[in-house]
Amino acid sequence: MSGSDGHGAYHGAYGSFDRASIDRSGQAEAFDAIGDRYDEAFPHKEGQIAAGQWLADLLPPGSRVLDVGCGTGLPTARQLTDAGHRVTGIDVSPAMLKLCHDNVPEGEFLRVDMADLESSDLVPFDGAVAFFSLLMLPRVEIPFALRMLHEQIRDDGPLVIAMVEADVDDFSIPFLGNTIRVSGYLRDDLRRIVSEAGFEIASEDAYAYAPASTDVPPEIQLFLHCRRRP
Ligand SMILES: C[S@@+](CC[C@H](N)C(=O)[O-])C[C@H]1O[C@@H](n2cnc3c(N)ncnc32)[C@H](O)[C@@H]1O
């Protein structure tokens, strides 16, 4: 279990860190500025759609699914809603949340930092997706975030995560005319932290991806299809 001591410090199975030292500046603002250009820059989403389908097919219709860092709501919140599930999306960017409301009016979309999920009253969910959103955190936070997701999901519910394979921590990159900070892992390290957070990796896919935009470098996208270990 992880928890806060009431002074902004987190203590848990992965050690401790001072949450006050975490720099969130500019991350939401960058996505506010990017808006629906995000979908134009990343037009090919075969891996994300396949991963969303894996989760959608595992769950009975009407299941409650958490979309962490839901972005524009496309394709994932739309796909899960169309499959008959009830989607709650969280994001830090008001502009992204507005696009979600427009693209998926049936969904519930809330301005919540994933680091605050633990203290929200949104739980529990039957499954969760985190597509390219955990990578917005510094590495020190990612095992905590995964552990928190473990606590949000019921029983052996599914979790799908997508990350870019890269050995970087809170690394500034140009992104669609803005600067964002991202973290990543080489795949063995990613598998290890996901497993240590209490998830079995049922299957995984890797895609080489060249975004449509020239200021975003080519990348290897990793999709991990996981089941919560109760
Ligand atoms: C790279 S985009 C991915 C969007 C969407 N999941 C997709 O794959 O299309 C990352 C998203 O995470 C959101 N985000 C960044 N930091 C976050 C945080 N700490 N908590 C929740 N959402 C966050 C951003 O605003 C952005 O919408």
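**Figure 1. Phe171 on strand β9.** Phe171 counts as partly exposed because 15 C-beta neighbours lie inside 10 Å. (A residue is buried with 20 or more other C-beta atoms within 10 Å of its own, exposed with 12 or fewer, and partly exposed in between; C-beta atoms are placed from the backbone.) The model shown is predicted: local features need pLDDT of at least 70, side-chain atom pairs count only at pLDDT 80 or more, and totals for chains, interfaces and linings use all residues. Numbering starts from 1 along each chain as its sequence is written. Phe171 sits in strand β9, residues 171-175. Helices (H or I, at least four residues) and strands (E, at least two) are DSSP runs, numbered from the N terminus. Neighbours within four places in sequence aside, Phe171 is in contact with Arg181, Val182 and Ser183. Contact means C-beta atoms, placed from the backbone, within 7 Å. Gly89 is 82 residues from Phe171 in sequence, and their C-alpha atoms are 26 Å apart in space.

**Figure 2. Helix α3 and its two sides.** Helix α3 has 13 residues, 46-58. At 1.5 Å a residue they should span 18 Å, and the end C-alpha atoms are indeed 18 Å apart. The expected span is 1.5 Å times one less than the number of residues. Gln48, Ala51, Gly52, Leu55 and Ala56 are the buried residues of α3. Seen down the axis, these buried residues fall within an arc of 135 degrees, so they line one face of the helix. The arc is that of the directions from the helix axis to the C-beta atoms. An α-helix has 3.6 residues a turn, so residues three or four places apart point the same way. Exposed Glu46 and Asp57 are on the face of α3 turned away from its buried side. The buried residues of α3 pack against α4 (76-82), β7 (127-131), β8 (158-164) and β12 (219-228).

**Figure 3. The shell around the ligand.** The ligand has 19 residues around it. Phe31, Gly69, Gly71, Ser93 and Phe131 come nearest. A residue is near if its C-beta atom, placed from the backbone, lies within 6 Å of the molecule. Both α1 (27-34) and β5 (86-91) supply at least two residues of the shell. Helix α1 gives the most, with 3 residues. By class, the shell has 11 nonpolar, 6 polar and 2 charged residues. Nonpolar means Ala, Val, Leu, Ile, Met, Phe, Trp, Tyr, Cys and Pro; charged means Asp, Glu, Lys and Arg; the others, Gly among them, are polar.

Terms used. Two residues are in contact if their C-beta atoms, placed from the backbone, lie within 7 Å.
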